[in-house]
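Reader: Please pick one part of this model and take me through it closely. I would like to know what surrounds it.

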Amino acid sequence: MTDCLMVSRSLTYAQRTARALERAGLRGHIAKIKPEPGEEGCIYAVRTAEKTLTQALELLSQRDLKPQRVFCILSDGSYKEMSL
């Protein structure tokens, strides 16, 4: 099973996102991501299963919690950005 990271604009939005997913019966765990070189601050994302990503994105869109970016974690540990 592959997981995906839905990047939130703040910790508060990541918390709201995780809560919304859990209330809908979907897995959602908050993850802190290291910023890329040259970027400042913290980046928070919600980790969920790839098989439920479409359902999660639809739910979040309805609740005005659309993530800024989405990345899926590949089997080799690298990331692939998904289109929204």
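Author: Start with a term: a polar contact is a pair of N or O atoms within 3.5 Å; within protein, one must be able to donate a hydrogen and the other to accept it, and residues adjacent in sequence count only if both atoms are side-chain atoms. Threonine 52 shows such a pair: a polar atom of its side chain lies 3.1 Å from the backbone oxygen of alanine 49.

A word on the model. It is predicted, so to speak of a local feature takes pLDDT of at least 70, and side-chain atom pairs count only at pLDDT 80 or more, while totals for chains, interfaces and linings use all residues. Residues are numbered from 1 along each chain as its sequence is written, and side-chain values use heavy atoms, with hydrogens and water left out. The pLDDT is the predictor's confidence in each residue, from 0 to 100. The protein chain averages 91, and 98% of the residues score at least 70. Among the elements, H1 has the highest mean, 96, and E5 the lowest, 89. Such elements are DSSP runs, numbered from the N terminus: helices (H or I) have at least four residues and strands (E) at least two.

The part I pick is strand E1. Place it in its sheet. Five strands form an open sheet in the order E2-E3-E1-E4-E5, with antiparallel pairing. Two strands pair if DSSP finds at least two bridges between them. The edges belong to E2 (29-33) and E5 (79-82): each has a single partner strand, so one side of each is left without a neighbour in the sheet. From one strand to the next, the twist averages 35°. For angles, axes are lines fitted to C-alpha atoms, for helices over the stretch in contact, and the values run from 0 to 180 degrees between N-to-C directions.

Now the partners of E1. E1 (residues 3-8) pairs with E3 (residues 43-49) in the antiparallel sense, over six bridges. In that pair, valine 7 has alanine 45 as its bridge partner. Helix H1 (residues 11-23) packs on the sheet and touches E1, E2 and E3. The direction of H1 makes about 15° with that of E3. Helix H2 (residues 53-62) packs on the sheet too, touching E1, E3 and strand E4 (69-73). The direction of H2 makes about 20° with that of E1. E1 and E4 run antiparallel and are joined by four bridges.

Methionine 6 ties these pairings together. In E3, methionine 6 stands opposite valine 46. In E4, its bridge partner is valine 70.

How well is E1 covered? Buried means under 20% relative accessible area, exposed over 50%, and partly exposed in between (1.4 Å probe, protein chains only). Six of the six residues of E1 are buried. Both faces are covered: Asp3, Leu5 and Val7 are buried on one side, and Cys4, Met6 and Ser8 on the other.

Next, the cores. A nonpolar core is a set of buried Ala, Val, Leu, Ile, Met, Phe, Trp, Tyr and Cys residues joined through side-chain atoms within 4.5 Å. The largest one has 16 residues, and Met6, Leu21, Val46, Leu53 and Leu60 have the most contacts inside it. E1, H1, E3, H2 and E4 each give two or more residues to this core. Another core, of seven residues, lies apart from it; Val7, Ala31, Ala45 and Phe71 are among its members.

Two residues outside E1 show what touches it. Contact means heavy atoms within 4.5 Å. Setting aside neighbours within four places in sequence, leucine 53 is in contact with Cys4, Met6, Thr48, Val70 and Cys72. Threonine 48 sits in strand E3. With the same kind of neighbours left out, threonine 48 touches Asp3, Cys4, Met6, Arg27 and Leu53. Threonine 48 is buried, with a relative accessible area of 0%. Its side chain reaches the backbone oxygen of arginine 27 at 2.7 Å.

Go back to threonine 52. That residue is in the loop between E3 and H2. It is buried at 16% relative accessible area.

Finish at an edge. Methionine 82 lies in strand E5. Its relative accessible area is 25%, so it counts as partly exposed. Methionine 82 touches Val70 and Cys72, not counting residues up to four places away in sequence. Recall that Val70 is also the bridge partner of methionine 6 in E4.
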